[in-house]
Amino acid sequence: LSRSHPHCLACRQQFLATDRRAKLQNEAVYVLSHISKQLTRAIGDVNNPPVVFTYASGMTSVIRAKIDATPDGLLNFANDANVSYCYNSTGCNNPAVPYTIYFNSNISASPVPASEILARHVKFFSATQSGNCVTVNVVTCWDPAESSQACGSLDNPAFNMTNSLSMPSVSVQ
């Protein structure tokens, strides 16, 4: 088809939208698989919950977890790692950048390691816990600020993904 063909513009727009949706899907999958990998190693007890959530504006802003770094199934404050996921907050020792999810690998280390950016197109992020089950929902949007189009439109595609995971059940003597 030539450039002057009227369907070329529609084909190009459809291609861009499909490409953007694929990138958003990859970003959401990456965030959820990263969180799942860490939280399935979370450890705690009645007095020290394995995962703690902080909320702001109806969304999860920080997930902090104690990770069994020596996979022995025992809570060990000296050896186990404290990790965090932060969305639109300074909870990962970084300046708050809108629509970004950060991961910090060991917030109890000194000095605290630099945060890793996991995603830059996050419109919504939530996490809830029921018993040993954690459910995480991520909505990615090509332009999460919706500066020109609403999230979910052809030019500003969105992707919504939810994952539920089970943390280990550990009894402490």
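Two residues are in contact when heavy atoms of theirs lie within 4.5 Å. By that rule, V51 is in contact with L39, A42, I63, R64, A65, Q129 and M167, once its neighbours within four places in sequence are set aside. The structure described here is a predicted model.

**The nonpolar core**

V51 also belongs to the largest nonpolar core, which has 28 residues. Together with I101, F125, V136 and V138, V51 is among the members that touch the most other members of this core. Several elements give two or more residues to the core: helix 1 (6-39), strand 1 (51-56), strand 2 (59-67), strand 3 (81-87), strand 4 (101-104), strand 5 (116-119), strand 6 (122-130) and strand 7 (133-141). Helix 1 supplies the largest share, five residues. In soluble globular proteins, nonpolar side chains tend to be buried together.

**The sheet of strands 6, 7 and 8**

Strands 6, 7 and 8 form an open sheet of three strands in the order 6-7-8, with antiparallel pairing. Strand 6 and strand 8 are the edge strands, each pairing on one side only. From one strand to the next, the twist averages 10°. The antiparallel pairing of strand 6 with strand 7 runs over eight bridges. Within this part of the model, S126 stands opposite N137 in strand 7.

**T140 in strand 7**

T140 is placed in strand 7. Is T140 buried or exposed? Its relative accessible area is 0%, and T140 is therefore buried, as the limit for that class is under 20%. The side chain of T140 reaches the backbone oxygen of L24 at 3.3 Å. L24 also appears among the contacts of T140 when neighbours within four places in sequence are left aside; the full set is L24, E27, A28, H121, V122, K123, P157, A158 and F159.

**Salt bridges**

How many salt bridges does the model have under the rule applied here? The count comes to two. One joins the side chains of K23 and D19, with an N to O distance of 3.2 Å. Both residues lie in helix 1, four residues apart, which is about one turn of the helix. K23 is partly exposed at 45% relative accessibility, and D19 is partly exposed at 27%.

The other salt bridge is between the side chains of K123 and E146, at 3.9 Å from N to O. This pair links distant parts of the chain: K123 is in strand 6, while E146 is in the loop between strand 7 and strand 8 (158-166), 23 residues apart. K123 counts as partly exposed at 26% relative accessibility, and E146 counts as partly exposed at 34%. K123 is also one of the residues in contact with T140.

**Loop residues**

Some residues in the loops have features of their own. S57 is not a glycine, yet its phi is positive, near 55°. Y99 is likewise not a glycine and has a positive phi of about 65°. S115 is taken up for its contacts. The table gives the place and accessibility of these residues.

| Residue | Loop | Relative accessibility |
|---|---|---|
| S57 | between strand 1 and strand 2 | 74%, exposed |
| Y99 | between strand 3 and strand 4 | 23%, partly exposed |
| S115 | between strand 4 and strand 5 | 22%, partly exposed |

Why does S57 count as exposed? Exposed means over 50% relative accessible area, and S57 counts as exposed because its value is 74%.

Which residues does S115 touch, not counting those up to four places away in sequence? They are C92, N94, Y102, F103 and N104. With N104, the side chain of S115 makes a polar contact, side chain to side chain, at 3.4 Å. S115 and S147 are 32 residues apart along the chain, and their C-alpha atoms are separated by 27 Å.

Technical notes
Residues numbered from 1 in each chain as written. Predicted model: local features only at pLDDT ≥ 70, side-chain atom pairs only at ≥ 80, totals over all residues. Heavy atoms only, no water. Core = buried A, V, L, I, M, F, W, Y, C linked by side-chain atoms within 4.5 Å. Buried < 20%, exposed > 50% of the residue type's maximum accessible area, 1.4 Å probe, protein only. Salt bridge = Lys/Arg side-chain N within 4 Å of Asp/Glu carboxyl O. Polar contact = N/O pair within 3.5 Å; in protein donor to acceptor, adjacent residues only side chain to side chain. Pairing = 2+ DSSP bridges. Axes fitted to C-alpha atoms, helices over the stretch in contact; angles between N-to-C directions.
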